[in-house]
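Pull up the model and keep the sequence alongside it. We'll take a walk from a spot on the surface, through the cysteines, and into the core.

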Amino acid sequence: MASQILLLSIPSLFFSLLAYASFFTSFAYSAAGAEIANGRKEAEALLEWKVSLDNRSQSLLSSWAGDSPCNWVGISCDESGSVTNISLPNSSLRGTLNSLRFPSFPNLIELILPNNSLYGSIPSNIGNLIRLDLSSNSISGNIPPEVGKMVSLYLLDLSNNNLSGGLPTSIGNLSNLSFLYLYDNELSGFIPGEVGMLEHLSALQLLGNKFEGPIPASIGNLKSLTSLLLSSNYLTGAIPASLGNLGNLTYLALSSNYLNGTIPASLGNLEKLIHLALLSNHLTGTIPASLGNLKNLSQLYLANNGLLGPIPPEMNNLTHLDSLQIYSNRLSGNLPRDVCLGGLLRFFSAHHNYFTGPIPKSLKNCSRLVRLRLQRNQLSGNISEAFGTHPRLYYMDLSDNELHGELSWKWDQFNNLTAFRISGNKISGEIPAALGKATHLQALDLSSNQLVGRIPKELGNLKLIQLELNDNKLSGDIPFDVASLSDLERLGLAANNFSATILKQLGKCSKLIFLNMSKNRFAGSIPAEMGSLQSLQSLDLSWSSLMGGIAPELGQLQQLEFLNLSHNMLSGLIPTSFSRLQGLTKVDVSYNKLEGPIPDIKAFREAPFEAIRNNTNLCGNATGLEACSALMKNKTVHKKGREVVFLMVFSLLGSLLGLIVGFLIFFQSRRKKRLMDTPQGDVPARWCSDGELRYQDIIEATEEFDSKYCIGTGGYGGVYKAVLESEQVLAVKKFHQSPEVEMSSLKAFRSEIDVLMGIRHRNIVNLYGFCLHAKHSFLVYEFVERGSLRKVLNDEEQAVKMDWDKRMNLIKGVANALS
């Protein structure tokens, strides 16, 4: 019975197994068919996106063909053949994401397309990704709120695009997010407080946007955060003290915002911090001593704020500093003594503060130093031994302090130095010849010190681009072939005692752009060689005792924008070649002896009067100048007027002289008759019409007409200056004596002289009296200190003061007096 049952069950079992096998086979075929269908759907979606890209992009995706995308470039699939990853970084793709049908990719977890040329907006139905990287494209529009649905998202990088609008609050839903990179976009609005809900966030980088408002205090909840970069936004308010809770933070950058208030002392808790950047804000108060706890700090940027007070001594604990930037504050006291104690410091900038005291001694052995800027402080002390060996230093500025001593450094140890500036100090001695061993030096500024001597010839070994030696006590010329300075672009030798030959030498510096040679004592002319400086844009030769004409070759300086020739003794016309200086914007030729028309170019037409004043006779279309046509007409009238005055005055003086001569002839004839009628001994030997004037007084005052009192001679005799005992000063005109003396003419001569003595007019010299004697005959006049009318008219300065109204009044006065 049992055997029968077994025989009957075997066929049933067989058929059952066959049925099951058939079912599973059909199911497997069905599943495989579904996968194949899904693969075709994903392939179609990818090919559809490919077609939407530009032709070049399509050629780069030439492997995208067929219906199996798993083998295509940039595509990865799972075991079932479904697309999980689209990764095409740096592929020069150009197009949008609008044609990429994301619902067609149910298993897509990574979309990696950085450094392409994608544009347009971010699709809202992008799926549930783990990694989304669209950085460094040209994507615009807003971040869609739907991004908050990607709850599995680990990395979101949309940096370096053109995204705008705000950061959606839904970002707080991304509980698995570790990296959020949105920097270098145009995002705006407030940073949402929901960011503080991203408890796994390691990097939050929002720098280079337009975010405003305060920094959310909730960011202090992000205990996993290692990098917080919010620089270059419009953030305001105080730095939240809660940031001190971010114990894992290594990078904190809040620079270039509008943050105010003080630096929270709680930042001293961030002992893992390597980089702290708070520069370019409105921070005030002192630097907290707690920052000395940041012993791992490598970069500290506190520059360009309103910080004040001394540097706390705890800052000397920062022995791992690579860069310390505290410039442009109101800090005072001494610089940190041990700023380079660890020997790692490379960049140190403390300029534009109020630091006093010496340069830190630790800098002397700071061999890794690359860049040092301490200018615009009140540092003092002897500079001679302040620095040692600095083989990597390439920039050094100690300008505008109170340092003294000599530059007696081991300059051969500065073999990478390209720029050295120490102007505005009290450096003495000569420019060291060893400076020529700093063979990479291109910019040297030693201005406004107390340097003496000559320029050392060793400087000719340098390929200088800038050389500033203004305001010292240097002299001589350039003692080497100036051709070695062929790369020189800026040269300042003002306010020294250089010789005029230096100007000729500079003609070889064809690349010069700025040249300041003012306030020297050249006492020569502008050499023609200066016209060779074809690149020159600014030329200052003021206050240099230059004389002669302006070299017409200066008109060849077609690039010239600024020209100052003021306060010299330049004369003659401004060269017509200046009309070619069309690029000239500012000019000053004041306080010279220039004349004639100014050039008809913008710089002269728009020059203020102060820039052309105090010259001999400039004219033209500029403020304060006469038009040249009017000036030439006035010159002609002036010349003719002077001729008329001379003719009239000399005619009047000739008539007066003729009258006096006539009187003398008449007097001599009467005198001759009287001599015949009167014995010689009874004739009056001397006579004076004024009782207060005596013959003897005149004789004694002139020591009998000694030649040393003679102040002029003429055809009728000489004129003497007589100072009487009463301190009265007289002019005595002594006549040459004739061999015959006629006393008979005395009476008539006296009558005529009395008439002349009666004339009193301001334009005619007063005649006080006369004496007729056998030995001496003379007339006594009022002494005029300024001389005659002839002398006045022949003197340019006095002639200008005697204008035409005065001259006409003088002529009328003389005519009335003689009528």
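Is Tyr 154 buried or partly exposed? This is a predicted model, so keep in mind that what follows is computed from predicted coordinates. With a relative accessible area of 39%, Tyr 154 comes out as partly exposed. You'll find Tyr 154 in the loop between β7 (138-141) and β8 (155-157). Tyr 154 has company there: together with Ile 109 and Ile 130, Tyr 154 makes up a nonpolar patch on the surface. The accessible area of the three together is about 230 Å².

Now for the cysteines. A disulfide is a covalent bond between the sulfur atoms of two cysteines. Searching the whole structure turns up three disulfides. Count the bonded cysteines along the chain and the pattern reads 1-2, 3-4, 5-6.

Start with Cys 70 and Cys 77, whose sulfur atoms sit 2.2 Å apart in a disulfide. The torsion about their S-S bond is about -105°, so this disulfide is left-handed. How do the two ends fare for accessibility? Cys 70 is partly exposed at 27% relative accessibility, and Cys 77 is partly exposed as well, with a relative accessible area of 24%.

Next along is the disulfide of Cys 340 and Cys 366, with 2.0 Å between the sulfur atoms. Here the torsion about the S-S bond is about 80°, which makes the disulfide right-handed. What does this pair tie together? Cys 340 lies in the loop between β23 (330-333) and β24 (347-349), while Cys 366 lies in the loop between β25 (354-357) and β26 (371-373), so the bond links parts that are 26 residues apart in sequence. Cys 340 is buried, at 5% relative accessibility, and Cys 366 is buried too, at 0%. The cut-off matters for that call: a residue counts as buried when its relative accessible area is under 20%.

That leaves Cys 619 and Cys 628, a disulfide with its sulfur atoms 2.1 Å apart. With 95° about the S-S bond, this link is right-handed. The two ends get separate labels: Cys 619 is buried at 3% relative accessibility, whereas Cys 628 is partly exposed at 23%. While you're looking at cysteines, check two others. Cys 509 is buried, with a relative accessible area of 0%, and Cys 710 is partly exposed, with 27%.

Now head inside. In soluble globular proteins, nonpolar side chains tend to be buried together. In this model the largest nonpolar core holds 174 residues, and the ones with the most contacts inside this core are Phe 348, Leu 363, Leu 398 and Phe 420. Elements that each supply at least two residues of this core include α1 (2-52), β2 (83-87), α3 (501-505) and α4 (602-605). The largest share, four residues, comes from α1.

To get a feel for the packing, pick out Leu 398. Leaving aside residues up to four places away in sequence, Leu 398 touches a list of partners that includes Ile 359, Leu 372, Leu 374, Ile 383, Phe 387, Leu 403, Trp 409 and Ile 422. Gln 375, Arg 421 and Asn 425 are also among the residues that Leu 398 touches.

One last stop: there is a second, separate core of 13 residues. Phe 705, Tyr 720, Leu 724 and Phe 778 are among its members.

Note on methods: Residues numbered from 1 in each chain as written. Predicted model: local features only at pLDDT ≥ 70, side-chain atom pairs only at ≥ 80, totals over all residues. Heavy atoms only, no water. Disulfide = S-S within 2.5 Å. Buried < 20%, exposed > 50% of the residue type's maximum accessible area, 1.4 Å probe, protein only. Patch = residues over 30% accessible without salt bridge, like charges linked within 9 Å, V, L, I, M, F, W, Y side chains within 5 Å. Areas by Shrake-Rupley, 256 points an atom, 1.4 Å probe, with all protein chains shown as cover. Salt bridge = Lys/Arg side-chain N within 4 Å of Asp/Glu carboxyl O. Core = buried A, V, L, I, M, F, W, Y, C linked by side-chain atoms within 4.5 Å. Contact = heavy atoms within 4.5 Å.
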